[in-house]
Each structure stands twice: as C-alpha cells, then as structure tokens.
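Thanks, everyone, for making the time. I would like to walk through one structure with you, so please have the sequence and the view ready.

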Amino acid sequence: MKKYRLILAIFVTMLTFLVTGCSQSGITGTGSSEKVTLALDVQAGQTFKLVMSTEQDIKTKIMGMSNDAHQEMDFYVQYDVIGPKDEGTEMKVTFNRIKYKIESPIIGTLVDYDSESGEPAEGNPMATAMADGMAGMIGRSFNIVMSKQGEILNVTGTEELYGSVGNDIPPQYQGDNLGKTIQGMMTIFPEVQVGVGDTWGVESDLSGEFPLKMATTYKVEGIDATTVYLNIDSDISVKKSRAESEQDSIKMEGTQGGIMEVDRLTGMVLKADLDQDITGEIEAGRMKAPIEISSRVTIDSYE
C-alpha cells in the first residue's frame with residue numbers, strides 16, 4: 001500500500017507542472033480598442049526568479065478504506081538570459097531550491113524535505129528516494145531556447161543535471177518532458193495583438209508513463225501600463241490503458257482555472273493563482289481506487 005501511495009504521489013506531481021503547451025488556436029472576440037503585443041522580449045544579462053508552489057489534497061479509497069494525503073511542493077527556478085539564438089532567445093535555467101512534503105492522516109509524514117537546510121530528506125524510505133533524487137538537481141543548470149511566442153523550442157545541457165541523480169529523477173524532469181515542465185512557468189502568446197475580451201487557445205501534452213493532455217483558453221481581463229491580466233480556463237485529461245506487460249492504468253479528467261499576470265514589457269509571468277479539480281480512477285496491480293485531487297498552484301517572484 002505504501003508503494004501504491006508513492007506511485008500516486010509521483011503521478012500527481014506531474015499534474016501541477018503543465019500550464020501551457022505547444023500548439024495554439026486563433027484569436028476570438030472583438031476585444032477592447034487598446035491592443036497590445038504579447039511576446040517574450042528579454043535582453044542578455046537579465047535574470048528572472050520564479051517560484052511555483054503547489055498544495056494538493058488527494059482523496060482515494062483502497063479496498064473501501066480511505067487513504068488520503070496532503071502534498072506541498074515549492075520549486076525555486078532562476079532564468080538567466082544569455083541572448084539571441086537560432087529563432088529565439090537562449091536562457092540558462094537553474095533550480096535554486098526545492099521543498100517537498102507529503103503527509104497522510106493514517107501514516108503521518110511520508111517525506112519532508114527542504115534543500116535549503118542541507119539535510120537529507122526524512123520520512124518513508126521509498127518517498128525520500130524521490131526527494132533525494134530531486135536534491136541532486138539543486139544548483140545545476142541546463143539551457144532552453146524560447147520563441148517570441150513563449151514556446152520552448154529546444155532544451156540542451158541536461159547531461160550534467162541527470163548525471164548526478166540518474167534514474168532517481170521523477171519522469172517529468174527527464175528528456176523532452178523537462179522543457180514541458182519548465183513551460184508551465186511561461187505563457188504561449190498569440191501572434192497578433194490582443195485587447196480586453198480577446199481569447200486564444202493552447203493545447204498541451206506531457207508524454208511519459210502517464211500521458212496528460214490539457215486544452216487551455218486564455219482571456220484578456222485587463223491591461224495597464226505594466227501588466228496584462230489573463231483569465232485561464234483549462235480542461236485536463238489523463239488516460240493510460242493497461243498493456244499486457246503493464247500493471248498500472250489511469251483514467252482522469254478535470255478542470256483548471258485562475259488568473260495570471262504577465263509583464264507587458266518582457267512577456268515573463270509575474271504571478272499566477274490557479275485551482276485544479278480532477279477525478280478518476282487509478283489501478284496499480286490488482287488494486288483499483290477512485291481518486292479526487294484538489295490543487296492550488298501559485299507562481300510568484302522571489303529574491
């Protein structure tokens with residue numbers, strides 16, 4: 001049962017890091033008379049620091065017994081602008097700090113970790129193995145190239161990041177998923193100017209062990225001299241059918257909604273406050289469990 005809960009926790013972590021994606025639909029709505037161009041416009045030498053914080057309540061039942069959990073995650077990420085490259089802008093991305101905590105009313109603390117303390121993760125050995133894997137990412141960097149529309153075009157330099165922790169890195173930080181994970185702190189912009197009332201759509205997916213898809217509609221709610229305010233409305237679906245050689249299957253669907261503030265000058269996200277509600281069923285081995293996940297995801301700057 002403990003192994004089941006850990007598999008579930010790793011999977012749930014993936015849900016919180018996919019806010020935007022890789023393809024978009026056109027603008028709809030008439031919009032206000034004031035139009036703005038939303039685009040990534042950063043200069044070499046600039047540094048941006050964003051922290052993504054997540055709180056989740058996970059409700060499941062295994063063999064008729066409640067197995068609820070509470071999970072908290074904080075990822076402090078630094079972006080250093082290197083300059084133009086190919087068709088976009090290159091940035092160095094560094095994980096400066098990671099906080100990770102999972103609690104269960106029945107078992108107690110499964111893992112409690114803060115990289116800033118310099119102490120190893122404490123709690124359930126299986127859960128701490130994942131936290132220890134993420135600990136190896138602290139202070140290590142890789143590079144991304146982003147288009148003017150905010151889409152991550154390329155990810156390089158992950159060999160150093162992976163070399164220190166190997167297979168202990170959770171799936172969402174491996175291969176192409178690493179770029180999609182970081183994409184969650186960005187916004188993909190339309191190619192035309194927008195005003196208050198205008199909307200555009202973005203479709204995204206996270207491949208890997210638990211394929212996740214998200215269809216998001218952005219709506220411009222307000223514009224001032226420094227900030228563009230966006231409303232976010234998403235539909236989420238996760239489906240993994242059981243293959244002959246596999247033991248796990250997932251079927252889930254839900255919604256995400258909230259607000260995001262974007263710097264009008266640079267195109268970087270300033271703040272976000274999102275709520276996710278997801279329901280479905282997860283099957284591990286011969287155990288089937290209904291699941292409900294309520295999450296709050298915030299993005300903010302830090303010093």
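I will begin with Glu-55, which lies in strand E2, the strand that runs over residues 47-62. Please keep in mind throughout that this is a predicted model. Glu-55 is partly exposed, with a relative accessible area of 47%, and on the surface this residue gathers with Asp-57, Glu-72, Asp-112, Glu-119 and Glu-122 in a patch of negative charge.

From there we can move across the sheet, since E2 and E4 pair in the antiparallel sense over 12 bridges; to give you one point of register, Ser-53 has Asp-74 in E4 as its bridge partner. How enclosed is strand E4 by the rest of the structure? Of the 17 residues in this strand, which covers residues 69-85, 13 are buried, so E4 is largely enclosed.

Strand E4 also pairs with strand E5, residues 88-104, again in the antiparallel sense, over 15 bridges, and here the bridge partner of Tyr-76 is Arg-97 in E5.

That brings me to the connection between these two strands, a hairpin with two residues between E4 and E5, in which Asp-86 takes a positive phi. What is the phi of Asp-86? The value is near 55°, which is positive in a residue other than glycine. As a reminder, most residues other than glycine have a negative phi. Asp-86 sits in the loop between E4 and E5, and this residue is exposed, because its relative accessible area is 67% and the cut-off for exposed is over 50%.

I am happy to go back to any of these points in the discussion.

Definitions and conventions. Residues numbered from 1 in each chain as written. Predicted model: local features only at pLDDT ≥ 70, side-chain atom pairs only at ≥ 80, totals over all residues. Heavy atoms only, no water. Patch = residues over 30% accessible without salt bridge, like charges linked within 9 Å, V, L, I, M, F, W, Y side chains within 5 Å. Areas by Shrake-Rupley, 256 points an atom, 1.4 Å probe, with all protein chains shown as cover. Salt bridge = Lys/Arg side-chain N within 4 Å of Asp/Glu carboxyl O. Lys, Arg positive; Asp, Glu negative; His and termini not counted. Charge placed at Lys NZ, Arg CZ, Asp CG, Glu CD. Helix = DSSP H or I, 4+ residues; strand = E, 2+ residues; numbered from the N terminus. Buried < 20%, exposed > 50% of the residue type's maximum accessible area, 1.4 Å probe, protein only. Pairing = 2+ DSSP bridges.
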